[in-house]
Amino acid sequence: MKVEVRLFATLQPYLPAGAHGDGISLDLPAGTTVRDVLKSLKIPGELACLIVVNGHDADLEQVLAPGDELAMFPPLAGGA
């Protein structure tokens with residue numbers, strides 16, 4: 001199944017070769033979870049990030065479906 005993966009800011013170096021800009025289309029087996037994608041991209045488990053699937057908050061155990069867009073952002077800080 002095809003899933004779009006987008007990594008932002010400090011997570012971009014974990015994109016594999018062949019990525020365009022901040023994302024890549026991955027062909028994944030059925031039943032793949034967000035955690036599986038993090039492992040396959042060698043993103044350290046202790047690296048905190050915000051996880052969004054199709055515009056909604058997600059957790060590491062969410063099973064991805066064909067056509068999903070998985071986006072990951074480093075924690076945001078700041079403000080007044």
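# A tour from leucine 7 outward

Select leucine 7: outside the four places on either side of it in sequence, its contacts are Gln12, Tyr14, Leu15, Asp22, Leu41, Ile43 and Met72. The model is predicted. Leucine 7 sits in strand S1. Its relative accessible area is 0%, so leucine 7 is buried. Now add proline 74 and draw a C-alpha to C-alpha distance. It reads 8.8 Å, for two residues that are 67 apart in sequence.

## Zoom out: the whole chain

Show the cartoon. The protein chain has one helix and five strands. Along the sequence the pattern reads β-β-α-β-β-β. The radius of gyration is 12 Å, close to the 12 Å from the globule rule for 80 residues, so the chain is as compact as a globular protein of that length. A box along the principal axes, roughly 45 × 25 × 20 Å, holds the C-alpha atoms.

Colour by accessibility next. Of the 80 residues, 36% are buried. Then look at contacts between residues at least 6 apart in sequence: 59% of them join residues at least 24 apart.

## The sheet

Hide the helix and keep the strands. In what order do the five strands lie in the sheet? The order is S2-S1-S5-S3-S4, in an open sheet with mixed pairing. S2 and S4 stand at the edges with a single partner strand each, so each has one side without a neighbour in the sheet.

Go to S1 and S5. They pair in the parallel sense, over four bridges. Select valine 5: its bridge partner in S5 is leucine 70.

Stay on leucine 70 and look towards S3. S3 and S5 are antiparallel, again paired over four bridges. Here the bridge partner of leucine 70 is valine 53.

Follow valine 53 to the next strand. Opposite valine 53 stands histidine 56, in S4. S3 and S4 run antiparallel and are joined by two bridges. Their hairpin has two residues between the strands. Select asparagine 54 in this hairpin and check its backbone: phi is positive, near 55 degrees.

## The core

Bring back the helix and show nonpolar side chains. In soluble globular proteins, nonpolar side chains tend to be buried together. The largest nonpolar core here has 20 residues. Val5, Leu7, Leu64, Leu70 and Met72 have the most contacts inside this core. The elements giving it two or more residues are strand S1 (2–7), strand S2 (23–27), helix H1 (34–40), strand S3 (50–53) and strand S5 (69–73).

Centre on methionine 72. What does methionine 72 touch, leaving aside residues up to four places away in sequence? The list is Val5, Arg6, Leu7, Phe8, Leu11, Leu38, Ile43, Cys49, Leu50 and Ile51.

## The aromatic pair

Select phenylalanine 8 and phenylalanine 73. The structure holds one aromatic pair, and these two residues form it. The rings are stacked, with 4.5 Å centre to centre and 5 degrees between the planes. Phenylalanine 8 is in the loop between S1 and S2 and phenylalanine 73 is in strand S5, so the pair ties together parts 65 residues apart in sequence. Check exposure too: phenylalanine 73 has a relative accessible area of 28% and is partly exposed.

## Two salt bridges

Turn to the charged side chains. How many salt bridges are there? The count is two.

Start with aspartate 22 and arginine 6. The closest N and O atoms of this salt bridge are 2.9 Å apart. Aspartate 22 lies in the loop between S1 and S2, arginine 6 in strand S1, and 16 residues separate them. Buried or partly exposed: which is aspartate 22? Its relative accessibility is 18%, and the cut-off for buried is under 20%, so aspartate 22 counts as buried. Arginine 6, at 28%, counts as partly exposed. Aspartate 22 is also among the contacts of leucine 7.

Move on to arginine 35 and glutamate 61. Their closest N and O atoms are 2.5 Å apart, in a salt bridge. Arginine 35 is in helix H1, while glutamate 61 is in the loop between strand S4 (56–57) and S5, 26 residues away. Both ends are partly exposed: arginine 35 has a relative accessible area of 32%, and glutamate 61 has 48%.

## Last stop

Return to leucine 7 and show Met72 with it. The two are in contact, and both are among the residues with the most contacts inside the core.

Terms used
Residues numbered from 1 in each chain as written. Predicted model: local features only at pLDDT ≥ 70, side-chain atom pairs only at ≥ 80, totals over all residues. Heavy atoms only, no water. Core = buried A, V, L, I, M, F, W, Y, C linked by side-chain atoms within 4.5 Å. Buried < 20%, exposed > 50% of the residue type's maximum accessible area, 1.4 Å probe, protein only. Contact = heavy atoms within 4.5 Å. Salt bridge = Lys/Arg side-chain N within 4 Å of Asp/Glu carboxyl O. Phe/Tyr/Trp six-rings, centres within 6.5 Å; stacked < 30°, edge-to-face > 60°. Pairing = 2+ DSSP bridges. Rg over C-alpha atoms; globule rule 2.2 N^0.38 Å.
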